[in-house]
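Work through these exercises with the structure in view. Try each task before reading its solution.

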Amino acid sequence: MTTPLSAAPLRQALPDLARWTGYFRQAEIPVLSATAESLEEMRANEDEVDANMLGELIATDPLMTLKLLAYAAAHRSSRLVTDAETVTAALVLMGIPPFFRAFGPQPTVEAHLAERPDALEGLQRVLRRADRSARFALGFAAHRMDPDAAVIYSAALLHDFAEMLLWVHAPDLALEIRNRQRADRTLRSAEVQRAVLNIELDDLEQSLMQAWRLPELLAQITDDKHGNDARVLSVRLAVRLARHSADGWDNAALPDDFRDIAHLLNLDVAATERLLHEFD
């Protein structure tokens, strides 16, 4: 059994970033039903569960990842000098029994959006894109032998978490954004978000990361406006690639992606294309 979400969906845009941040800071975060079910199976065999096993499960679910990292940041001991920047690190610091005490049966997105199949489909599309983005980013980091590969994976997985939360808690507004962009392919995402929401989702994401006190390195790598740091580029290009290849490898924007990724990886374009298909 999982607990339901009780809050009614938000139907009108809030006036500014502060109000949006306050709203989502207090909102419940549901998780994938597969995650919720697996957590209950592990709870029944808690003594056999370790941080790596539990971390592998949670790290496949962007919403559960976000939920755990926010909880870990809020309950961080003053004695710690470093943040828990990955799911496994958070679990090691927390301990397995305290995790299961803190996280009971989880509400699920499938139950919450059961009467909104249009919104569930929109959310699932973002979740699939997040999974591919994370795998691409991890591949880039591994190729570059980046010591922050695990954080880069998490940053790519969480890159669009504000959009995920919008589909969960304000599905009508999320659909309005999608419909406007489908009607006019020249509309930039930031432009239509400001028109519908009064804010940009990237700004909301950074504001929530600060409010939840998520690790600074994670917030940095997730921030597209943070410059040309190789870790930021790995995430930005992985997200771009996942978006442009979501419906196949014939999108007109992909040649530019291949060129930029080739530069990041110090490869020629043909070798880059072969590597990307392997990652996929």
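**Exercise 1.** Find which residues Trp20 touches beyond its close sequence neighbours.

*Solution.* This is a predicted model. Start at Trp20 and skip residues up to four places away in sequence. Then look for heavy atoms within 4.5 Å. Trp20 touches Leu10, Ala13 and Leu14. Trp20 also touches Leu166, Leu173, Leu197, Ile199 and Leu204.

**Exercise 2.** Place Trp20 in the largest nonpolar core, and find which helix gives the largest share of that core.

*Solution.* The largest nonpolar core holds 93 residues. Trp20, Leu54, Phe99 and Phe140 touch the most other members. Helix α8, residues 117-143, supplies the largest share of this core, with eleven residues. Nonpolar side chains tend to be buried together in soluble globular proteins.

**Exercise 3.** State how many helices and strands the chain has, and judge how compact the chain is.

*Solution.* Count the elements: 17 helices and zero strands. Next, take the radius of gyration, 19 Å. The globule rule gives 19 Å for 280 residues, so the chain is as compact as a globular protein of that length. The C-alpha trace spans about 50 × 45 × 35 Å along its principal axes.

**Exercise 4.** Describe burial, contacts and surface for the whole chain.

*Solution.* Begin with burial, counted under 20% relative accessible area. Of the 280 residues, 49% are buried. Now take contacts with a separation of 6 or more: 69% of them join residues 24 or more positions apart. Finish outside. The chain exposes about 13,700 Å², and carbon and sulfur atoms supply 49% of that area.

**Exercise 5.** Compare where the positive and negative charges lie on average.

*Solution.* The chain has 29 positive and 43 negative charges. Their mean positions are 4 Å apart.

Note on methods. Residues numbered from 1 in each chain as written. Predicted model: local features only at pLDDT ≥ 70, side-chain atom pairs only at ≥ 80, totals over all residues. Heavy atoms only, no water. Helix = DSSP H or I, 4+ residues; strand = E, 2+ residues; numbered from the N terminus. Rg over C-alpha atoms; globule rule 2.2 N^0.38 Å. Buried < 20%, exposed > 50% of the residue type's maximum accessible area, 1.4 Å probe, protein only. Areas by Shrake-Rupley, 256 points an atom, 1.4 Å probe, with all protein chains shown as cover. Lys, Arg positive; Asp, Glu negative; His and termini not counted. Charge placed at Lys NZ, Arg CZ, Asp CG, Glu CD. Core = buried A, V, L, I, M, F, W, Y, C linked by side-chain atoms within 4.5 Å.
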